[in-house]
Amino acid sequence: MAEKFTIDGDDDYPAIVDSGVDIDSVQSSEPQLCLDPLVCYRGVEIMRQEHVVLKDVNLSVCPGELVYLIGRVGSGKSSLIKTMYADVPVLEGEATVMGYDLRHLRRRDVPMLRRSIGIVFQDFQLLTDRTVYANLRFVLEATGWRNRSDIDERIEEVLSRLGMATKSYKMPHELSGGEQQRIAIARALLNSPRLILADEPTGNLDPDTGDRIATYLSEIAASGVAVVMATHNLSLIDRFPGRVVRCEDKRLVL
């Protein structure tokens, strides 16, 4: 079982300084070897609207890894992440995520796959008509939680880990962008996933807030959860080391 992590939400983290690093100069790194990867792609081809986005994708992600997906706009980072939670189909090759065969995934099994994954979106995707607590309760009830005391305890636990325990009564519009993203991360942690997918989680945030969000995700990976993060912010890679995978010329450079 992955170790729990705790982060003081009132800590002040230094702001990210834009290093001006050219994306082409960032070196990819060697994958971690493991016998039971959470993500395993072999010879995968990804298409969007009849256009090949990525081809011959070979990728494994192991527990506790922090994997950065980098590349220029339109290089396929988001499309690759979306295949991992069955939002974009895999039509060629072999692809498994959390033990699910994506090539032969039945529609009725898609919710079960997504319950085993935590997803963090760039635009937060919180329900704007209800409080933070109601947002999180909705997810738990939709994934089979029924006992009210268990629900309350779990919500309090994840909010406390992200330093947001005092914000449960707030509406999303009453929160800053960084606070909304922390709630989104708390939501992703609700069902104790072994894999978190984060698609440009700092893209809509100022550098200082983005640094704090990256700190949380790095801590989550250190606790034993695999984190796959698409990002344009190359300075994060220096501050929070992880494996770098580059999307380039419709291929992954590992």
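**Exercise 1. Classify Arg 239 by its accessibility and describe its salt bridge with Asp 211.**

Arg 239 has 38% relative accessibility and therefore counts as partly exposed (buried is under 20% relative accessible area, exposed over 50%, partly exposed in between, with a 1.4 Å probe and protein chains only). The model is predicted: local features need pLDDT of at least 70 and side-chain atom pairs count only at pLDDT 80 or more, while totals for chains, interfaces and linings use all residues. Residues are numbered from 1 along each chain as its sequence is written, and side-chain values use heavy atoms, with hydrogens and water left out.

Next, take the partner. Asp 211 is buried, at 0% relative accessibility. The closest N and O atoms of Asp 211 and Arg 239 are 2.8 Å apart, in a salt bridge (a side-chain nitrogen of Lys or Arg within 4 Å of a carboxyl oxygen of Asp or Glu). Asp 211 belongs to helix 6 (residues 207-222) and Arg 239 to helix 7 (residues 235-239), so the pair ties together parts 28 residues apart in sequence. Helices here are DSSP runs of H or I with at least four residues, strands are runs of E with at least two, and both are numbered from the N terminus.

**Exercise 2. Find which residues of helix 4 are buried and what they pack against.**

Start with the extent: helix 4 covers residues 148-161 and reaches 20 Å from its first C-alpha to its last. The buried residues are Ile 151, Arg 154, Ile 155, Val 158, Leu 159 and Arg 161. Seen down the helix axis, they fall within an arc of 160°, so they line one face (the arc is that of the directions from the axis to the C-beta atoms). They pack against helix 3 (132-142) and helix 5 (177-189), where contact means heavy atoms within 4.5 Å. Glu 153 and Glu 156 are exposed, on the face turned away from the buried side.

**Exercise 3. Describe the salt bridges of Arg 148 and Lys 167.**

Arg 148 pairs with Asp 152, with closest N and O atoms 3.5 Å apart. Both lie in helix 4, four residues apart, about one turn of the helix. Arg 148 is partly exposed at 48%, and Asp 152 is partly exposed at 31%.

Lys 167 meets Glu 179 at 3.4 Å, N to O. Lys 167 lies in the loop between helix 4 and helix 5 and Glu 179 in helix 5, so this pair ties together parts twelve residues apart in sequence. Lys 167 is partly exposed at 22%, whereas Glu 179 is buried at 15%.

Notes: The expected span of a helix is 1.5 Å times one less than its number of residues.
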